[in-house]
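This report describes the fold of one protein chain, working from the sheet to the core and then to the charged and aromatic pairs. Please keep the sequence and the 3D view open while reading.

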Amino acid sequence: MAIRNGISAGELTSVTWLKARVSVGNGECIELADLPGGEIAMRNSRHPEGPALIFTKAELHAFLTGAKGAEFDHLAA
């Protein structure tokens, strides 16, 4: 199976999806999964069969560094 951006998350059957503990039960979850090729998949838990975005570890690291530095806080206000 070729894994690409926008692949149905439902097709990624051999991965384990993880979500932040603070989001459990709130219905506002973004879930991540390690992929066999070393990339990271991201999906919206409200739409588990919907599209998955695929990121390299470097891309996810850059995003998380920015998020930890409050670069995106204005988007959630």
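The sections below take up the sheet, its strands, the core, the salt bridges and the aromatic pair of a predicted model.

## Sheet and helix

Five strands make an open, antiparallel sheet, and their order across it is β1-β5-β4-β3-β2. Strands β1 and β2 (18-19) lie at the edges, each pairing on one side only. Helix α1, residues 57-68, packs on this sheet and touches β3 (30-34), β4 and β5. The direction of α1 makes about 95° with that of β5.

## Strand pairing and hairpins

Strand β4 covers residues 40-44 and is joined to β5 by three bridges, the two strands running antiparallel. Within this pairing, Met 42 stands opposite Leu 53 of β5, and Ala 41 has Ile 54 as its bridge partner. The connection from β4 to β5 is a hairpin of six residues.

β3 and β4 also run antiparallel, with five bridges between them. They form a hairpin with five residues in between, and in its turn Gly 38 has a positive phi of about 95°. How much of β4 is buried? Four of its five residues are, so β4 is largely enclosed by the rest of the structure.

On the other side of the β5 pairing, β1 (residues 7-8) meets β5 in the antiparallel sense over two bridges. Here the bridge partner of Ser 8 is Pro 51 in β5.

## Two faces of β5 and the core

In a regular strand, side chains alternate between the two faces of the sheet. Strand β5, residues 51-55, has a covered face made of Ala 52 and Ile 54. Its uncovered face carries Pro 51, Leu 53 and Phe 55.

Both residues of the covered face, Ala 52 and Ile 54, belong to the largest nonpolar core. That core has ten residues in all, and the others are Ile 7, Ala 9, Leu 12, Val 15, Trp 17, Ala 33, Leu 35 and Ala 41. Which residues does Ala 52 touch, leaving aside those up to four places away in sequence? Its contacts include the core members Ile 7, Ala 9, Leu 12 and Trp 17. Ala 52 also touches Arg 4, Asn 5, Gly 6 and Met 42.

## Salt bridges

The model has three salt bridges. Glu 31 forms one of them with Lys 19, and the closest N and O atoms are 3.7 Å apart. This pair links distant parts of the chain, since Glu 31 lies in β3 and Lys 19 in β2, twelve residues apart. Another joins Glu 31 to Arg 43, with the closest N and O atoms at 2.5 Å. Arg 43 is in strand β4, again twelve residues from Glu 31. Lys 19, Glu 31 and Arg 43 are thus linked in a network of salt bridges. In the strand pairing, too, Glu 31 stands opposite Arg 43 in β4.

Which members of this network are buried, and which are partly exposed? Glu 31 counts as buried because its relative accessibility is 7%, under the 20% limit. Arg 43 is also buried, with a relative accessible area of 14%. Lys 19 is partly exposed, at 38% relative accessibility.

The remaining salt bridge is formed by Lys 57 and Asp 34, whose closest N and O atoms are 3.7 Å apart. It connects helix α1, which holds Lys 57, to strand β3, which holds Asp 34, over 23 residues of sequence. Asp 34 is exposed because its relative accessible area is 51%, and the limit for that class is over 50%.

## Aromatic pair

There is one aromatic pair in the structure. Phe 63 and Phe 72 form it, with ring centres 5.1 Å apart and planes at 25° to each other, a stacked arrangement. Are these two rings' residues buried or exposed? Neither class applies: Phe 63 counts as partly exposed at 41% relative accessibility, and Phe 72 is partly exposed at 31%.

Note on methods: Residues numbered from 1 in each chain as written. Predicted model: local features only at pLDDT ≥ 70, side-chain atom pairs only at ≥ 80, totals over all residues. Heavy atoms only, no water. Core = buried A, V, L, I, M, F, W, Y, C linked by side-chain atoms within 4.5 Å. Buried < 20%, exposed > 50% of the residue type's maximum accessible area, 1.4 Å probe, protein only. Contact = heavy atoms within 4.5 Å. Pairing = 2+ DSSP bridges. Axes fitted to C-alpha atoms, helices over the stretch in contact; angles between N-to-C directions. Phe/Tyr/Trp six-rings, centres within 6.5 Å; stacked < 30°, edge-to-face > 60°. Salt bridge = Lys/Arg side-chain N within 4 Å of Asp/Glu carboxyl O.
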